[in-house]
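Colleague: I have just opened this model, and I would like a close look at the way its strands pair up. Could you take me through that part slowly, with the side-chain contacts that go with it?

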Amino acid sequence: MIVTLEPCSHHGKTGPCTEAILNSGIKKVYIGTKDPNPKVCGKGIDILRKNNIEVHCSYQENEIIKQNEYFFFKHKYKKPYITVKIASSKDGKAYIPGEKKWITSSKSRKDVQIERSKCDAIITGGNTLINDNPYLNLRLNKPSNQHLRIVMTKKKDLDMSLNFFRDKNFEIY
């Protein structure tokens with residue numbers, strides 16, 4: 001078996017990956033890199049080896065760390081990896097009340113979807129929510145998990161029929 005990240009050894013939403021591997025009859029596992037999560041780090045490897053599974057580590061490690069840089073950053077520095085996306089017109093007057101107007105290209109809007117697919121959450125402000133009525137969801141032509149949508153606002157009377165509130169995957173601060 002070849003895996004990018006060390007198999008987990010704890011119970012979360014699903015059972016431990018190490019249990020599934022032990023029950024499968026697999027005899028050899030190539031692991032790209034250790035999981036930096038303290039719940040896992042080295043424990044999955046130890047369990048496999050103690051159960052006579054041949055384990056090889058650091059298989060394409062640099063590429064895997066780069067591919068999952070946000071995940072590794074979060075565990076290394078104990079804080080989220082933050083990116084900022086701003087679309088603003090040169091004159092700062094792109095918003096015309098009641099009128100939807102794109103100020104970015106189609107390619108840049110596609111690029112935003114790729115960047116969103118790497119994120120756990122998207123944050124916006126109350127004015128953007130009211131003025132633009134954004135969905136802030138992930139729109140790629142492949143299966144992906146939807147991130148948490150967060151609005152930070154002092155407004156108390158948000159219109160719950162806005163696109164942002166179409167499901168329960170949001171929080172208001």
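Modeller: Happy to! Two strands pair if DSSP finds at least two bridges between them, and the strands themselves are DSSP runs of E with at least two residues, while helices are runs of H or I with at least four, both numbered from the N terminus. Please keep in mind that this is a predicted model, in which local features need pLDDT of at least 70, side-chain atom pairs count only at pLDDT 80 or more, and totals for chains, interfaces and linings use all residues. Residues are numbered from 1 along each chain as its sequence is written, and side-chain values use heavy atoms, leaving out hydrogens and water.

Let me begin with the sheet that contains β5. Its order is β4-β5-β6, an open arrangement of 3 strands with parallel pairing. At the edges stand β4, residues 121-125, and β6, residues 170-172, and each of these pairs on one side only. Strand β5 covers residues 148-152, and 3 bridges join β5 to β6, the two running parallel. If you want a pair of residues to look at across these strands, pick V151, which stands opposite I172 in β6.

Strand β5 also takes part in a charged contact. A salt bridge here is a side-chain nitrogen of Lys or Arg within 4 Å of a carboxyl oxygen of Asp or Glu. D167 and R149 form such a contact, and their closest N and O atoms are 2.8 Å apart. Because R149 sits in strand β5 and D167 in the loop between β5 and β6, this pair ties together parts that are 18 residues apart in sequence. The two partners can also be described by their cover, where buried means under 20% relative accessible area, exposed over 50% and partly exposed in between, computed with a 1.4 Å probe and protein chains only. R149 counts as buried, because its relative accessibility is 0%. D167 is partly exposed, with 31% relative accessible area.

The search of the whole structure finds 3 salt bridges, so here are the other contacts to set beside that one. In helix α5, D111 and K107 are 4 residues apart, which means about one helical turn between them. D111 forms a salt bridge with K107, with 3.3 Å between the closest N and O atoms. K107 is exposed at 57% relative accessible area, whereas D111 is partly exposed at 35%. K118 and E115 also meet through their side chains in a salt bridge, at 3.1 Å from N to O. Both ends of that contact are partly exposed, K118 with a relative accessible area of 42% and E115 with 34%.

Now for the other sheet. It is an open sheet of 3 strands too, in the order β1-β2-β3, with parallel pairing. β1 (2-5) and β3 (54-56) are its edges, each with a single partner strand, so one side of each has no neighbour in the sheet. Strand β2, residues 28-33, pairs with β3 in the parallel sense over 3 bridges. Across this pairing, V29 stands opposite V55 in β3.

Finally, the rings. Those of Phe, Tyr and Trp (its six-membered ring) pair if their centres lie within 6.5 Å, and planes under 30 degrees apart count as stacked, over 60 as edge-to-face and the rest as tilted. There are 8 aromatic pairs in a search of the whole structure. In one of them, the ring centres of F73 and Y77 are 4.7 Å apart and the planes meet at 45°, so the pair is tilted. F73 and Y77 both belong to helix α4, where they are 4 residues apart, about one turn of the helix. Both are partly exposed, F73 with a relative accessible area of 23% and Y77 with 43%. The F164 and F170 rings, with centres 6.0 Å apart and planes at 55°, also make a tilted pair. F164 counts as buried, at 0% relative accessibility. As for F73 and Y77, these residues form one aromatic cluster together with Y70 and Y81.
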